[in-house]
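Here is a short set of exercises to work through with the structure open beside you. Try each task before you read its solution.

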Amino acid sequence: MRPVRSERHGIGYGCRGPIVAAMLAMLAVGFAGACLPAAARGQAAKAAQAAPDAAIRPWVRYPPVPARLSPQAELGRRLFFDTALSASGQMSCASCHDPARAYGPPDGRAVQPGGKDRLQSGMRAVPSLRYLDDTPLFSLHAFIPGSEDAEYEGPSGGFDQDGAAASRQQQAAGPLLDPSEMANASPAAVVAAVREGAYAQQFAQVFGADVFRHPRQAFDDVGAALRAFQAEDPSFHPYTSKFDAVMSGHARFTPQELRGYALFNDPSKGNCAACHIDVPGPGGRPAAFTDYAYEALGVPRNPQIPANRNPHYYDMGLCGPKRRDLAKQTQYCGMFKTPTLRNVAMRHVFFHNGYFHTLDAMMHFYVERDTDPRKWYPVVRGKVQKFDDLPPRYRANVDRSDAPMNRKPGDKPALDAREIADMIAFLKTLDDGYSDQAGGARSPGQHHRGSD
Ligand code: HEC
Ligand code: HEC
């Protein structure tokens with residue numbers, strides 16, 4: 001039935017199996033030798049005993065912290081926090097992307113209010129803006145290598161949960177002009193707000209003295225500055241989680257976190273790492289906790305989204321209606337981009353429609369969606385309406401082959417309550433703020449928001 005292969009067990013960069021086994025053994029002593037050939041691993045292990053970070057640091061390459069931001073990025077910072085860039089005069093990018101919450105939603109509302117009067121509602125939950133830097137270009141036929149039955153070919157990449165924006169520069173036009181977000185009437189209205197604002201001169205210095213005479217170009221420049229701020233400012237990619245500290249040899253998982261980490265990687269238990277990749281990427285990029293690929297998970301319909309009051313309206317991700325170009329490719333209906341799990345414990349809304357508000361409920365959904373569907377979907381005339389947030393003809397697109405979503409009614413869920421608690425303890429190690437330096441140790445007395 002499925003046009004793309006989605007048996008994603010074990011994908012990664014060709015070295016997952018050995019890593020996890022090696023890590024589980026080594027993490028107990030505070031060292032990870034990810035993906036190194038055996039001989040090098042032996043040497044690294046010796047070096048690690050002497051100086052743990054010397055052995056690891058060359059492996060994972062954290063982005064350098066720039067001494068200062070470029071003038072474009074400094075301008076982007078001002079734009080990002082400027083409420084004058086909204087029709088209501090009350091809303092900035094930061095209203096929905098709260099810097100105190102990893103640039104994710106400020107509260108537990110499934111969708112955020114916006115628009116001219118701030119009474120309109122968006123259609124989707126607000127994603128975190130952290131760790132988007134390595135997002136690949138959108139492609140329908142991306143190939144992610146793996147073992148023969150684990151490789152993935154299918155849609156991947158792009159910005160927004162349907163990949164419709166090709167870059168962060170282009171993406172910025174979305175919220176600035178969306179009538180339910182910042183609701184500016186036109187690109188020219190945005191440029192006029194900049195021209196009349198406190199940093200008009202700074203804008204002209206960066207983009208040219210005559211910039212305001214070409215509003216279309218100036219509007220693109222607004223996007224370029226916002227992109228530069230997100231790409232350069234370390235607050236968008238701090239890598240200060242306990243996970244990073246553990247992987248750099250500066251901290252140890254608690255026994256509970258370690259159990260959660262093993263379940264996260266175990267293909268027959270959580271299998272989370274098949275899609276939320278937890279090993280370093282090409283060139284030693286720190287683990288992204290996403291493969292940027294698309295999947296339909298069959299999340300229940302959320303009555304808290306006003307648009308859903310219309311029974312004929314469905315947000316189907318890749319095939320629209322928000323994104324228009326793939327409307328005819330109905331094999332993609334219901335698919336949304338796999339998000340990073342970094343800072344996920346700071347959120348109070350999960351999945352594209354914000355249906356879940358706690359990690360515990362969300363985890364139970366993953367493992368009981370198929371074993372106990374009545375728990376999640378409405379029952380009409382004795383029949384469970386499984387995958388009720390998709391029109392019936394597209395419900396076959398939902399992933400039923402990847403663990404933990406490959407069970408049948410009455411089967412034992414892949415994780416029990418205790419294992420879910422272990423998993424959540426592990427997920428909390430992905431929150432930034434454990435250390436004050438990428439992959440660093442926690443300094444004495446430092447405030448710590450994760451669990452241990
Ligand atoms: C009213 C709330 C709201 C405001 C204001 C807002 N956003 Fe967003 N943002 C969202 C939502 C919701 C999404 C997800 C959209 C989707 O998936 O279609 C999003 C997605 C994004 C993404 C893509 C993230 C990803 O995972 O690919 C970026 C980048 C972004 N916003 C940046 C900005 C910038 C820059 C501004 C200010 C110009 C801004 N946002 C203003 C709600 C908002
Ligand atoms: C087959 C790929 C796949 C597997 C396996 C998988 N996920 Fe996901 N995950 C996704 C996709 C795709 C989404 C976004 C779905 C949506 O919004 O409709 C997602 C969303 C999430 C979210 C919501 C994050 C947010 O910002 O809203 C969390 C948390 C999460 N997954 C955790 C896990 C855990 C824990 C496991 C293992 C038990 C797991 N996932 C297994 C693909 C997967």
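The exercises below go from the whole chain to its ligands, its unusual backbone spots and one pair of helices.

This is a predicted model, in which local features need pLDDT of at least 70 and side-chain atom pairs count only at pLDDT 80 or more, while totals for chains, interfaces and linings use all residues. Residues are numbered from 1 along each chain as its sequence is written, and chains are lettered from A and ligands numbered from 1 in the order in which they are written.

**Exercise 1. Describe the protein as a whole.**

Step 1: Count the secondary structure elements. The protein has 14 helices and 8 strands; these are DSSP runs numbered from the N terminus, with helices (H or I) of at least four residues and strands (E) of at least two.

Step 2: Turn to burial. Of the 452 residues, 48% are buried, where buried means 20 or more other C-beta atoms within 10 Å of a residue's own, exposed means 12 or fewer, and partly exposed lies in between, with C-beta atoms placed from the backbone.

Step 3: Look at contacts, that is, residue pairs whose C-beta atoms, placed from the backbone, lie within 7 Å. Among contacts with a separation of 6 or more, 68% join residues 24 or more positions apart.

**Exercise 2. Characterise the surroundings of the two ligands.**

Step 1: Start with ligand 1. There are 26 residues around it, and Cys93, Cys96, Gly114, Gln161 and Pro175 come nearest; a residue is near if its C-beta atom, placed from the backbone, lies within 6 Å.

Step 2: Ask which elements contribute. Those giving two or more residues to this shell are α5 (93-96), α6 (168-171) and α7 (173-177), and α5 has the largest share, with 3 residues.

Step 3: Sort the shell by class. Around ligand 1 there are 13 nonpolar, 7 polar and 6 charged residues; Ala, Val, Leu, Ile, Met, Phe, Trp, Tyr, Cys and Pro count as nonpolar, Asp, Glu, Lys and Arg as charged, and the others, Gly among them, as polar.

Step 4: Repeat for ligand 2. Its 25 surrounding residues have Gly270, Cys272, Cys275, Glu295 and His352 as the closest, and the shell holds 15 nonpolar, 5 polar and 5 charged residues.

**Exercise 3. Find the unusual backbone geometry.**

Step 1: Check for cis peptide bonds. One joins Gly320 and Pro321, with omega about 10°, and Pro321 sits in the loop between β5 (294-295) and β6 (336-337). Another joins Ala403 and Pro404, with omega about 5°; Pro404 is in the loop between β8 (383-384) and α14.

Step 2: Check for positive phi outside glycine. Ala183 has a phi of about 60° and lies in the loop between α7 and α8 (187-195). Asn271 also has a positive phi of about 60°, in the loop between α12 (255-265) and β5.

Step 3: Are these two buried or exposed? Ala183 is buried, with 21 other C-beta atoms within 10 Å, and Asn271 is buried with 23 C-beta neighbours inside 10 Å.

**Exercise 4. Work out how α13 meets α14.**

Step 1: List the buried residues of α13 (residues 359-368). They are Met362, Met363, Phe365, Tyr366 and Val367, and their cover includes α14 (417-428).

Step 2: Name the partners. Leu359, Asp360, Met363 and His364 in α13 meet Ile420, Met423, Ile424 and Leu427 in α14. The residues of this contact divide into 6 nonpolar, 1 polar and 1 charged.

Methods:
Contact = placed C-beta atoms within 7 Å.
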